[in-house]
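Student: Could you take a close look at one helix for me, and then follow its surroundings outward? I would like a connected account rather than a list.

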Amino acid sequence: MSGRKDSILAETACAKLNLALHVRGRRADGYHDIETVFAFCEDGDELSGEAAGELTLAISGPFATDVPEDNLVIRAASTLRKAAGSAAGARLHLTKNLPVASGIGGGSADAAAALRLLARLWDLDPALAEGVAPALGADVPACLRSQSCRGTGAGDELEPVDLGLAGTPVLLVNPRIPLSTADVFGRWDGVDHGPLGDWREGRNDLEPAAIALVPEIAVVLDWLRKQPGAEFVRMSGSGATCFALFGGEAERGEAAAAVPGQWWRLATRLR
């Protein structure tokens with residue numbers, strides 16, 4: 001491993017959206033069998049890094065104080081370094097733009113960005129990063145690719161799909177209430193409501209459980225559906241972030257400007 005001692009590398013931890021999410025059953029390993037369609041936004045958290053003697057992480061950004069000390073960026077870096085049989089270091093900096101526990105990738109996207117960045121910085125085979133990704137979380141393999149794909153199993157069995165959505169304007173809105181994925185899955189009704197076909201005709205099976213825990217999600221969804229030009233509205237993942245796909249940038253921009261001040265918003269486009 002020669003490393004890149006004079007380079008500062010950067011990766012975007014792209015926000016993840018579940019265009020549909022069908023929960024098919026509980027698994028013995030604690031996960032659930034799901035069928036989902038992942039899409040990714042152009043924007044998200046930002047990670048930069050350069051070679052260093054030790055492995056360190058500095059965090060800034062609007063949600064920096066919400067990131068735990070034992071976070072997925074450090075875990076991803078440590079896991080990759082161990083898998084490589086290396087003692088290499090890195091000075092990492094995470095700009096935390098996305099709210100935590102919000103159903104849009106968050107820590108999983110940050111971990112995936114760390115794997116991509118460090119594989120480049122330490123001159124590793126990208127397949128090594130792919131190999132360690134599943135152990136870091138069910139969403140990490142999809143976030144590592146950061147391209148539209150269909151996920152089955154626990155969400156980590158992936159098949160690339162061309163949704164024809166690249167460049168689509170999208171508005172993400174969150175009521176600024178963290179929501180535990182485990183708590184939402186714990187309130188899932190346990191009923192298999194059927195397989196996922198066309199994502200536009202699908203559903204998010206976690207939405208009723210999420211709304212029971214955070215009723216404001218229903219308010220956000222209703223608000224988004226009323227916005228001119230909103231063509232598709234759904235909650236992402238286990239919530240509480242909801243999103244709307246728009247027919248044009250101008251309509252998306254007008255909706256973004258109208259988001260109530262107490263809510264978090266991100267106006268972006270799909271990759």
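Tutor: Happy to! Let's take α3, where Ala129, Val132, Ala133 and Leu136 are buried. Viewed along the axis of α3, these buried residues stay within an arc of 130°, so they line one face of the helix. The general rule behind such a pattern is that an α-helix has 3.6 residues a turn, so residues three or four places apart point the same way. On the face of α3 turned away from the buried side you will find the exposed residues Glu130, Gly131 and Ala135. Please keep in mind throughout that this is a predicted model.

What does the buried side of α3 rest on? Its buried residues pack against α1, α2 and α4. Those helices also appear in the makeup of the largest nonpolar core, which has 37 residues. Within that core, the residues with the most contacts are Leu47, Leu80, Leu92, Leu115 and Leu118. Two or more residues come from each of β1, β2, α1, β4, α2, α3 and α4, and α2 gives the most, with 10 residues. As a general background, nonpolar side chains tend to be buried together in soluble globular proteins.

Leu47 is a good place to look inside this core. Setting aside neighbours within four places in sequence, Leu47 is in contact with residues including Leu9, Leu57, Val73, Leu92, Leu94, Ala113, Ala114 and Leu117. The contacts of Leu47 also include Glu11, His93 and Asp110. Apart from this core lies another, of 28 residues, among them Phe185, Ile217, Met235 and Cys242.

Back at α3, there is a pocket to consider. The second largest pocket has a volume of about 220 Å³ and is lined by 13 residues, with Pro126, Ala129, Glu130, Leu144 and Arg145 nearest its centre. The elements that give two or more residues to this lining are α2, α3 and α4. So Ala129 is a residue to watch, since it is buried in α3 and also lies among those nearest the centre of this pocket. By class, the lining divides into eight nonpolar, no polar and five charged residues.The largest pocket makes a useful comparison, with about 960 Å³ of space. Of the 40 residues that line the largest pocket, Gly105, Ser108, Asp139, Thr181 and Ser238 are the closest to its centre. Its lining takes two or more residues from each of β1, β2, α1, α2 and α5. The classes there are 18 nonpolar, 16 polar and six charged residues.

One last stop is just past α4, where Ser146 lies in the loop between α4 and β5. Ser146 is buried, with a relative accessible area of 4%. Leaving aside neighbours within four places in sequence, Ser146 is in contact with Cys14, Phe40, Arg116 and Arg271.

Note on methods. Residues numbered from 1 in each chain as written. Predicted model: local features only at pLDDT ≥ 70, side-chain atom pairs only at ≥ 80, totals over all residues. Heavy atoms only, no water. Helix = DSSP H or I, 4+ residues; strand = E, 2+ residues; numbered from the N terminus. Buried < 20%, exposed > 50% of the residue type's maximum accessible area, 1.4 Å probe, protein only. Contact = heavy atoms within 4.5 Å. 1 Å grid on protein atoms, 1.4 Å probe; cavity = no way out; pocket = protein on both sides within 12 Å on 5 of 7 lines; lining within 4 Å. Points joined across faces, edges and corners; volume = space filled by probe spheres on them. Nonpolar A, V, L, I, M, F, W, Y, C, P; charged D, E, K, R; others polar. Core = buried A, V, L, I, M, F, W, Y, C linked by side-chain atoms within 4.5 Å. Arc of directions from axis to C-beta.
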